[in-house]
Amino acid sequence: MKTFLILGAGTGGTMVANKMAQHLDPREWRIIIVDRDENHYYQPGFLFIPFGIYSTADVIKPKRNFLPPQVEVIFSDIELIEPDENRVRLVKGERVIHYDYLVIATGAHLKPEETPGLVDGGWYKNIFDFYTLEGASALSRAFKFWKGGRMVVNVVEMPIKCPVAPLEFLFLADWFFHERGIRDKVDITFATPLPGAFTKPRASSILGNILAEKNIHLEPEFNIMEVDNDKQVIRSYDEREIEYDLLVTIPTNMGADVIGRSGMGDELQFVPVNKHTLQSNQWENVWVIGDASNAPASKAGSVAHFMLDVLVENILRHMEGLEPQPKFDGHANCFIESGFEKGILIDFNYEVEPLPGKFPLPGFGPFSLLKESAVNHWGKMMFRWIYWNMLLKGEEMPFESQMTMAGKWA
Amino acid sequence: MTTREIAGKTVEVNEEGFMTDPSQWDKEIAVELAKEEGIPELTPAHWKIIEFCRQSAAKTGAAPTLRNITIGAGVSTKELFALFPKGPAKKVARISGLGKPEGCV
């Protein structure tokens, strides 16, 4: 009996388990998936919690519901991965699993302690994150009674999960304070290490204009050195200071600690992979999906989804002794919620930056690209249903993994 | 992809002004690119970082990220920002004739 082991049962790991269960003969293979948490979190939904649009119940479901019955599910922390021995040590029961194939899907995690002062004073009092359920819920409570002041949204360093989420947060905050009638009492600043609103030039300029229209001040190339809790300022390495009453931070993102402990990661604990095949650079039976890899694609569920077919096909090819195919193109597709029931859609890959135009989607689209529209907002809202009911189960989606230029204005 | 002239040489650059062929780079080009990035003179401390980045890129095929540089070249983040203000990883990559660091996604 051979073992196919998946570490992490988030978006990527769950999809891989479902796909591999369709492909592997249960008389030959056992599939095991390990995760520390029994709950599956719909992470894109965290964004809506501070504004009271979603509640906790909207974003949590039991992991077991999304995994096929023939997959053995173990809830445990992982002690160590020993890829030279094809072995993983679990914390629970000190169990040791020997594997033939390993898929790492352990994600990216927030490390607020990487920034001096961030968790020392005002943490969850006047400093919040919204990338965790705890942070988003704490911020929701703070917003309820906030009377206004200076709100600073700060990205500590790149890369981060879902690089558009800070912008969505800003757009939604603008809308939320309007609805509450206190927008004139709130001063909003976005401090980012990037030279503009976003990572890619054309999207950056269009999204930057939207920030300006909404009267959100942009502080580019701001690399935070420390939080001064007493003076209530964030200070950059080049000694710029920004005062805050409420600080919303997007802390340093790193791969799982077990990756670092096992000596398998880069300086941010992300696992080096071939960015087109998703195979580990060092161990040929180790493959990586989603945020856990160092592939220079956006860290997002849509990207994990586009990785899925390439990864599964390459693993099956490898089992047959064939070379993996370099088919992953860095494709990402993001709905950006822009407030007032509108949204923006962007679609891009390693080579092609987000462009304006139309995104064709059989049976539903087209969606406008890089432009605000109500249809894009409803696309985003509908996506939660698609995520829980189709995407995690690895069902056929009405679009290809590789990006298409159809409809784009180059 | 376009070409431009720097320090009397014609080199290929992308739309963001990063050189696309590291083998076309030399130290005179670095001096000119540094001026464009607002650094009037390259000191030995600058060159140490530039050389680290060139070597790192030759090994990995990609410009190093900020954390790669601070860990690999043994320089503090604060010092690195003093040498290459604002976006050090990006600036040093451009001056060193390398592509944009891939951390910027």
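Reader: What makes a pair of residues between chain B and chain A count as a salt bridge, and how many are there?

Author: In this predicted model, local features need pLDDT of at least 70, side-chain atom pairs count only at pLDDT 80 or more, and totals for chains, interfaces and linings use all residues. Side-chain values use heavy atoms, without hydrogens and water, residues are numbered from 1 along each chain as its sequence is written, and chains are lettered from A and ligands numbered from 1 in the order written. A salt bridge needs a side-chain nitrogen of Lys or Arg within 4 Å of a carboxyl oxygen of Asp or Glu, and 3 are counted between chain B and chain A.

Reader: Why is the pair Arg67(B) and Glu114(A) called a salt bridge?

Author: The closest N and O atoms of Arg67(B) and Glu114(A) are 2.8 Å apart. The limit is 4 Å, so the pair qualifies.

Reader: Which elements and residue classes supply the side of chain B that touches chain A?

Author: Helices α3 (66-73) and α4 (77-83) of chain B each give at least two residues to that side (helices are DSSP runs of H or I, at least four residues, and strands are runs of E, at least two, numbered from the N terminus). The residues of that side comprise 7 charged, 4 polar and 4 nonpolar. Here Asp, Glu, Lys and Arg are charged, Ala, Val, Leu, Ile, Met, Phe, Trp, Tyr, Cys and Pro are nonpolar, and the others, Gly among them, are polar.

Reader: Which residue numbers make up the contact?

Author: Chain A contributes 21 residues and chain B 15 (contact means heavy atoms within 4.5 Å).

Reader: What makes chain A as compact as a globular protein of its length?

Author: Chain A contains 24 strands and 8 helices. Its radius of gyration, taken over C-alpha atoms, is 21 Å, while the globule rule (2.2 Å times the number of residues to the power 0.38) gives 22 Å for 410 residues; the values are close, so chain A is as compact as a globular protein of that length.

Reader: Why is Ser338(A) called buried?

Author: Buried means under 20% relative accessible area, exposed over 50%, and partly exposed in between (1.4 Å probe, protein chains only). Ser338(A) has 0%, and is therefore buried. Ser338(A) lies in strand β21 (residues 332-339) of chain A.

Reader: What makes the approach of Ser338(A) to Glu372(A) a polar contact?

Author: Their side chains are joined at 2.7 Å. The definition asks for N or O atoms within 3.5 Å, one able to donate a hydrogen and the other to accept it, with residues adjacent in sequence counting only if both atoms are side-chain atoms; the pair therefore qualifies.
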